[in-house]
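Reader: I would like a close look at a single part of this structure. Please take one strand, describe its surroundings, and then move on to the spaces around it.

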Amino acid sequence: MMRILIDADGCPVVDAAVALAREYGVPCLILCDTSHRIEREGAQTLTCSKGADSVDFALVNLLRPGDIAVTQDYGLAALCLARRARALNQDGLRYTGDNIDALLLARHTARKIRAAGGRLRGPGRREARQDEAFIRALRGLLEEEME
């Protein structure tokens with residue numbers, strides 16, 4: 001059975017993802033580290049040790065083909081795709097084989113700019129339209145699975 005796994009540290013759509021999982025009767029697993037205890041009714045929480053990528057590694061190790069991962073981490077999304085799972089970011093962008101390489105390259109380029117002392121503008125204030133786009137995208141993936 002398909003599950004929704006949420007990389008919950010810093011994720012603004014945990015509540016929306018859990019609500020949709022409940023609506024569709026899909027098991028939902030929230031993964032966070034010890035500095036972000038996140039629990040929601042209707043979802044199981046797995047708390048990982050604090051440390052770089054501990055949540056990411058735990059999520060990938062739990063992932064099964066057909067699962068849906070919610071993450072804003074491009075590297076984690078690439079690993080999810082390699083495990084034949086679907087991956088979605090908090091703004092409703094579906095990671096695919098067609099876009100993941102460009103996203104990883106953009107991340108690498110941004111790191112190089114920052115390492116050279118450059119500054120990049122961070123994300124703006126979250127808007128309701130981003131939450132709506134996420135809900136539409138996750139609902140679409142869930143509907144595809146139910147067909």
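**Strand β1 and its surroundings**

Author: In this predicted model, Ile4 of β1 has Ile68 as its bridge partner in β4. That pair belongs to a parallel pairing of β1 with β4 (residues 68–70), made over three bridges. Strand β1 also pairs with β2 (residues 28–33), again in the parallel sense, and here four bridges join the two. Within β2, Ile30 is the residue that stands opposite Ile6. The path from β1 to β2 includes helix α1 (residues 14–24), and the three elements make a right-handed β-α-β unit.

Strand β1 itself covers residues 4–7, and both of its faces are covered. Ile4 and Ile6 lie on one side, Leu5 and Asp7 lie on the other, and all four are buried.

Asp7 also takes part in the lining of the largest cavity, along with Asp9, Gly10, Cys11, Pro12, Val70, Thr71, Gln72 and Gln90. This cavity has a volume of about 40 Å³, and a search of the whole structure finds one cavity of 30 Å³ or more. Its lining divides into three nonpolar, four polar and two charged residues.

Next comes the largest pocket, which holds about 760 Å³ of space. It is lined by 29 residues, and those closest to its centre are Gln72, Asp73, Tyr74, Gln90 and Pro123. Helices α2 (54–62) and α4 (100–115) are the elements that give two or more residues to this lining. By type, the pocket lining has eight nonpolar, nine polar and twelve charged residues. Gln72 and Gln90 appear in the cavity lining and also among the residues closest to the pocket centre.

Conventions. Residues numbered from 1 in each chain as written. Predicted model: local features only at pLDDT ≥ 70, side-chain atom pairs only at ≥ 80, totals over all residues. Heavy atoms only, no water. 1 Å grid on protein atoms, 1.4 Å probe; cavity = no way out; pocket = protein on both sides within 12 Å on 5 of 7 lines; lining within 4 Å. Points joined across faces, edges and corners; volume = space filled by probe spheres on them. Nonpolar A, V, L, I, M, F, W, Y, C, P; charged D, E, K, R; others polar. Buried < 20%, exposed > 50% of the residue type's maximum accessible area, 1.4 Å probe, protein only. Pairing = 2+ DSSP bridges. Right-handed = clockwise from strand over helix to strand, strands pointing away.
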